Amino acid sequence: MKIVSYNIRKALGTDRRRDPARILSVLNGIGADVALLQEADLRLGPRPTALPRFLISQETDYQIADLAVNDVSIGWHGNAVLLRKGLVCKRSKRLALPGLEPRGAVLVEVGGMTLVGTHLGLMRRYRLLQMTKIRDYLRGCEPTALIAGDFNEWSDVRGYEPWENVFTLCLPGRSYHARRPVAALDGLAHGAGLAVDAMGVETGHLARLASDHLPIWAQMRRRDAA
């Protein structure tokens, strides 16, 4: 199963144009089975989606996981999940996270995996609390769990302590800033029952324009399915 994680910055590109169709074109080019999105909804009021539902239906082969709390959003605290049509989502859940600023995560069970998409806080103190909370939510299903998102951690060697003994951290490459990537802010962490066959960062011209983050992707499989 190919997974993509993408902070779409509310579809606001590095050229200062808000273009949801461009985001969807980037996703179509990657061809993932599941897309875990951050900043998919606007921040104010009822948090309307930055990716219109009709456009997702019209321009892609994705369906929206049932995570929103109203009809104008597609996610929870900006986190949303798109699933390739035909994939069955056995469970979806909104996860509240602690922090100085409102944060959350979303969970879906699909393809024998438990996938969590998240956008962690700007301060390490709160990121560590949020990682601990996600680990607690996943208790009992750690082996086949995958966490992906914008982890907001500038260090490649520190800041992931709550996950160290449970999950394997993978940072596919530098993903921020999209025009000149200097930091691997976007990553994934997976349990012992999953394997990564390939992973990378989408660095094409369109991706460098569409958001200030580049999307990361990973080809995942269950070890018992090898």
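In what sense do β3 and β4 pair, and over how many bridges? In this predicted model, the two strands pair in the antiparallel sense, over three bridges. Within this pairing, Ile64 has Leu82 of β4 as its bridge partner.

The pairing of β3 with β4 is part of an open sheet of six strands, whose order is β3-β4-β2-β1-β12-β11 and whose pairing is mixed. The edges of the sheet are taken by β3 (62-64) and β11 (194-201); each has a single partner strand, so one side of each is left without a neighbour in the sheet. From one strand to the next, the twist averages 25 degrees.

Further pairings show both senses. Strand β4 pairs with β2 in the antiparallel sense, over four bridges, and Leu83 in β4 stands opposite Val34. Strand β2 (residues 34-38) is also joined to β1 (residues 2-7), by five bridges, and these two strands run parallel. Here Val34 in β2 stands opposite Ile3. Val34 thus appears in both settings, opposite Leu83 in β4 and opposite Ile3.

Strand β4 is largely enclosed by the rest of the structure, because five of its five residues are buried. Ala80, Leu82 and Arg84 point one way from the strand, while Val81 and Leu83 point the other way. Helix α1 (residues 20-30) lies across β1, β2, β3, β4 (80-84) and β12 (216-222). The helix runs at about 155 degrees to β1.

Two contacts between a charge and a ring involve residues of these strands or their surroundings. The charged end of Arg84 sits over the ring of Tyr62, at 4.5 Å from the ring centre. Arg84 is one of the buried residues of β4. The charged end of Lys2 sits over the ring of Trp217, at 4.8 Å from the ring centre.

Aromatic rings also pair with one another, and the count comes to five aromatic pairs. One of them is formed by Phe151 and Trp163, which are edge-to-face, with 5.3 Å from centre to centre and 70 degrees between the planes. Both residues are in the loop between β8 (145-150) and β9, twelve residues apart. Phe151 and Trp163 are both buried. Another pair consists of Trp154 and Tyr176: the ring centres are 6.1 Å apart and the planes stand at 85 degrees, so the pair is edge-to-face. Trp154 is in the loop between β8 and β9, whereas Tyr176 is in the loop between β9 and β10, 22 residues apart. Trp154 counts as exposed, because its relative accessibility is 54%. Tyr176, at 22% relative accessibility, counts as partly exposed. Phe151 and Trp163 also belong to one aromatic cluster, together with Tyr160 and Phe167.

The loop between β9 (168-170) and β10 (186-190) also holds Ser175. Ser175 has a relative accessibility of 0% and therefore counts as buried. Its side chain makes a polar contact with the side chain of Asp186, at 2.5 Å. Beyond its neighbours within four places in sequence, Ser175 is in contact with a set of residues that includes Pro181, Ala183, Ala184 and Leu185. Asp212, His213, Leu214 and Ile216 are also among the contacts of Ser175, as is Asp186.

Conventions
Residues are numbered from 1 along each chain as its sequence is written. This is a predicted model: local features need pLDDT of at least 70, side-chain atom pairs count only at pLDDT 80 or more; totals for chains, interfaces and linings use all residues. Side-chain values use heavy atoms; hydrogens and water are left out. Two strands pair if DSSP finds at least two bridges between them. Axes are lines fitted to C-alpha atoms, for helices over the stretch in contact, and angles run from 0 to 180 degrees between N-to-C directions. Contact means heavy atoms within 4.5 Å. Buried means under 20% relative accessible area, exposed over 50%, partly exposed in between (1.4 Å probe, protein chains only). A polar contact is a pair of N or O atoms within 3.5 Å; within protein, one must be able to donate a hydrogen and the other to accept it, and residues adjacent in sequence count only if both atoms are side-chain atoms. Rings of Phe, Tyr and Trp (its six-membered ring) pair if their centres lie within 6.5 Å; planes under 30 degrees apart count as stacked, over 60 as edge-to-face and the rest as tilted. A charge sits over a ring if NZ of Lys or CZ of Arg is within 6 Å of the ring centre and within 35 degrees of the ring normal.
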